[in-house]
Amino acid sequence: MRRITGKTKDATLIEMTNTADAHVEDNNGLLSSSDRGTPLPGHQETDKLEQSKDSVYFQDGVRRIDFVLSYIDDKDGDKKAERRRAFEANLEKAGLMLETEDKLESDDRKTYYLKIHAPWEVLATYADVLKIKVPFKPSDIPKGRDAPLQWLTKPFRLPPEIMKPDPDYFTAPFDKSKADFFFIKDKETFFPPSTRNRIVYYILTRCPYYKEDRKEKDKTGIKRLLSNGTYTSAYPLHDCRYWKKSKETQCESERYHLYKHWARFLCFYKEQPLNLIRKYYGEKIGIYFAWLGFYTEMLFFAAVMGVICFVYGLLSYDDNITSKEICNPNIGGKIVMCPLCDKKCTYWKLNSTCLSSWQAHLFDNEGTVFFAIFMGIWVTLFLEFWKRRQARLEYEWDLVDFEEEQQQLQIRPEFELKCTTKRRNRITQELEPYLPFTSKCARFCVSGAIVLFWTCLIVACVMGVIAYRLSVYAAFASLMKDSPTNKIQLVGSLINPQLATSVTASCINFVIILILNFLYEYVAIWITDMEIPKTHLEYENKLTTKMFMFQFVNYYSSCFYVAFFKGKFVGYPGNYTYMFGSQLRNEECDPGGCLIELTTQLVIVMAGKQLVGNIQEALLPLLRNWWISRKGRSHPEGRYSRWEQDHDLQNFSQFGLFYEYLEMVIQFGFITLFVASFPLAPLLALFNNILEVRVDAWKFTTQFRRPVAAKARNIGAWKDILNVVAILSVVTNAFIMAFTSDMIPRLVYLYAYHPGEKATMEGYINNSLSVYEINELHIQNRADIEEHTTWFSTNITTCRYRDYRYPPGHERQYTHTMQFWHILAAKMAFIIIMEHVVFVVKFFVAWLIPDVPSEVKARIKRERYLVQEYLHTYEVEKLKLQLSQSFCVTSETTSLLPSSPNKHEVLSECI
């Protein structure tokens, strides 16, 4: 049997303030988990088979289930039962109505379900407290004109009833004392389910579970009850199954519409129903999908430019004189290069890098410079246009004044519990909890030390990978000296020591990244909890900053090493530089530059992260839900209730959306910070994000419990992080083009050092390689005799290396030539010019594009004006009515006196 607390079936749902007091006779009017046999006074027993189990209503079919708590009996049952009794009693005192499902009626025969309903009085009270904006008048602002050629976008659009589930209204913060001012057709449907569950969750997080005679401040809130196992879960209900509509006509079936028009992958080319997402999940999740969709749209333009740049590299393939010289057996085949490592590496011919030089040309060409400049401007356009889109959403979703009004209402219950010290607020003159300055400083220092330690740990891991590259390269070089890999089918001819070292090191680095990420997540949450942030917004911002700092170092450090350090501190034959004084010689770049290796590193880390991320997001929840609900699905539909179906889904944690943002921002860093090395990165990101939108939508709609609706005005701290990455990307791409790419040395040679009168790249390879006398090599730098290849003989007296130094015999032998300094000056000039050009364009574009569209500004002003006007009119009419009633009462009283001469005149005047 099912037992209900609160009003009976025939009672009204509005006047319930004193309901709980009528039931606090025995055990505070609540159903004890240890007393399931005897019904308590005021509890109603109902028959189980009266209603569909897929319903989202109480057994009476009238009161909607706004929240569900589940629990089971275990060894520590008495303590937990006592907590539940106290907690549920206090919930009733707060005005909530409760209904309990016995464990014998649940599918597993173990779990109790406590269903919670918030009646109108509770909703109205807390809507007033939370300043929730509600409609008071249909909007009279005319809709914008249809854009020209709108029929072209018709295949990408959704039905109007899906895109605009509600008509437009003017809204104002709810005031319970002025309820008749607002546009209330039906009190039961006035507040949508997302607002209802937000209000109930607000009550649950602040409701104590101690008795009145025992004031224990730490015993407060559903979060603590979930952490100590008193309840096993707490969640609002989905409104129906995702694959079919609800049988109840009063149910909206919004989940079904979201799945049909949004969560299926076949809808990947369709627009997103953002208003329906916001209505069902709340503004915080809605703003995430709006940002993700806009980011994906903007990636299309970056991807197109990247493809054009790549195609230019393909089309200019035959004009690549440098690669032709390297591959020419009479040029590159006769140039003997110095060993790349000590002892185990032998002399090698330049034409052995023929393939890698052709590959490098695809990404290291003149078009890459223009693409890097374009991406610097694209980032600015993306951020500026997003501000405009965000401003429009703020207005449409009633978030314009949200932060100012809600800041104090967002105080975390944990802050109120842990901060026992109080001080008087200078503005409100009320006592409020606060964290002393000394405690705050101590916590900040501990937090900073832990973050610094983990950052150093990442750097140490990167150094370990570098040491691996240096030590393993010699082994690969020794194994491949006679090209045994050529016997491998298809890819055998592509493998060389540089590629083998780069690929294996990148894979090892990626595994280390995943392991460190897994460990640091717990550390970041722990130290953020230790700092005791005051508001939810402050908590999210602190956690966001810590996680991104760590992820930034973790994901990008290896790319920074390849881009800016590898091959830059090598020295020259006879005076090589070693890693921290060890016997590991610093790595050199290929004759074609380190850009192709940076491309390899970027592709492995970026593509690997996206692949692992999609598996984690899609496959793992699917397998978990299948495992949990495998028994439930074996039962007929009539026995698998709505609350049990949702109970078997994955819980959407408070950090769920945080990880979605983090994944996208890390991707944003890959396609901006190092895009000069891989113009196809935006294309990969575009394909991933098209899939990401639908995977996230499918996951939210089918695999997760319904999240508690939360408001958010914007994307929070992520906006500032994106701005920092955007500025840093200009600098990194300028340095990549100057120091990692071989473009500047080629241009200096073409315009200043080419032989003859005609500007040509012929002879560039010979010009870019310096000469060293083999006999002058130190013994530890020379290759062992057994490592020599068959073509090497004692007749070869010199070897070449990549640098600009005077040859042996010159009065300044082995010192830098004047061409080296010219190239260095050209690199610095390029960096300064590119940065200034891009920054000037960025700031001009940012100044040119207003953050808030003029149309939105006008609408906001008009709405504020109308709110004041209608409130004024309402107050005046209300005052007139009060004065009229007061005058009538006074007149009637006076007319009853014997001395009243104008009795009939006064009464007729009142009437």
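Is R859 buried or exposed in this structure, and what is its relative accessible area? In the predicted model, R859 has a relative accessible area of 17% and is buried, because the cut-off for burial is under 20%. The side chain of R859 meets that of E855 in a salt bridge, with a nitrogen-to-oxygen distance of 3.2 Å. Both residues belong to helix 26, which covers residues 854-895. Four residues separate R859 from E855, which corresponds to about one turn of the helix. An α-helix has 3.6 residues a turn, so residues three or four places apart point the same way. The partner E855 is partly exposed, with a relative accessible area of 37%. Elsewhere, D364, D742, R746 and R802 are joined into one network by salt bridges that share partners.

The wider setting of these pairs is as follows. The chain holds 27 helices and 16 strands. Of its 911 residues, 52% count as buried. Among contacts with a separation of 6 or more, 78% join residues that are 24 or more positions apart. A search of the whole structure yields 31 salt bridges.

A further salt bridge links D696 and K699, whose closest N and O atoms are 3.5 Å apart. These residues lie three residues apart in helix 21 (residues 681-703), a separation of about one helical turn. D696 is buried, at 0% relative accessibility, and K699 is likewise buried, at 3%. Another pair consists of K178 and D175, whose side chains meet in a salt bridge at 4.0 Å, N to O. For D175, the relative accessible area is 22%, and this residue is partly exposed.

Helix 16 comprises 35 residues, from 497 to 531. At 1.5 Å a residue, helix 16 should span 51 Å, and the 49 Å between its end C-alpha atoms agrees with that expectation. Helix 16 nevertheless contains a kink of about 30 degrees, centred on Y520. Just after this helix, I532 adopts a positive phi of about 50 degrees.

The same comparison can be made for helix 20. Its 18 residues should span 26 Å at 1.5 Å a residue, and its end C-alpha atoms are 26 Å apart, in agreement. Of the 18 residues of helix 20, 17 are buried, so this helix is largely enclosed by the rest of the structure.

Helix 20 (residues 656-673) also packs with helix 12 (residues 366-396). Two packed helices are described by the angle between their axes and the distance between the axes. For helices 12 and 20, the axes come within 10 Å and cross at roughly 145 degrees. On the side of helix 12, the residues involved are M375, W378, V379 and F382, which meet F668, I671 and T672 of helix 20. By class, this contact has six nonpolar residues, one polar residue and no charged residues.

Individual positions illustrate how separate parts of the chain come together. K284, in helix 9 (residues 283-315), is partly exposed, at 21% relative accessibility. Beyond its neighbours within four places in sequence, K284 is in contact with E540, L657, A710, K711 and A712. The C-alpha atoms of K284 and I715 are 8.2 Å apart, although 431 residues separate the two in sequence.

H261 is placed in helix 7 (residues 254-263) and is buried, at 14% relative accessibility. When residues up to four places away in sequence are not counted, H261 touches L158, P159, I162 and C267. P160 lies in helix 3, which covers residues 160-163. At 62% relative accessibility, P160 counts as exposed, whereas H261 counts as buried. A distance of 9.6 Å separates the C-alpha atoms of P160 and P273, which are 113 residues apart along the chain.

Technical notes. Residues are numbered from 1 along each chain as its sequence is written. This is a predicted model: local features need pLDDT of at least 70, side-chain atom pairs count only at pLDDT 80 or more; totals for chains, interfaces and linings use all residues. Side-chain values use heavy atoms; hydrogens and water are left out. Helices (H or I, at least four residues) and strands (E, at least two) are DSSP runs, numbered from the N terminus. The expected span of a helix is 1.5 Å times one less than its number of residues. The bend at a residue is the angle between axes fitted to the seven residues ending there and the seven starting there. Axes are lines fitted to C-alpha atoms, for helices over the stretch in contact, and angles run from 0 to 180 degrees between N-to-C directions. Contact means heavy atoms within 4.5 Å. Ala, Val, Leu, Ile, Met, Phe, Trp, Tyr, Cys and Pro count as nonpolar, Asp, Glu, Lys and Arg as charged, and the others, Gly among them, as polar. Buried means under 20% relative accessible area, exposed over 50%, partly exposed in between (1.4 Å probe, protein chains only).
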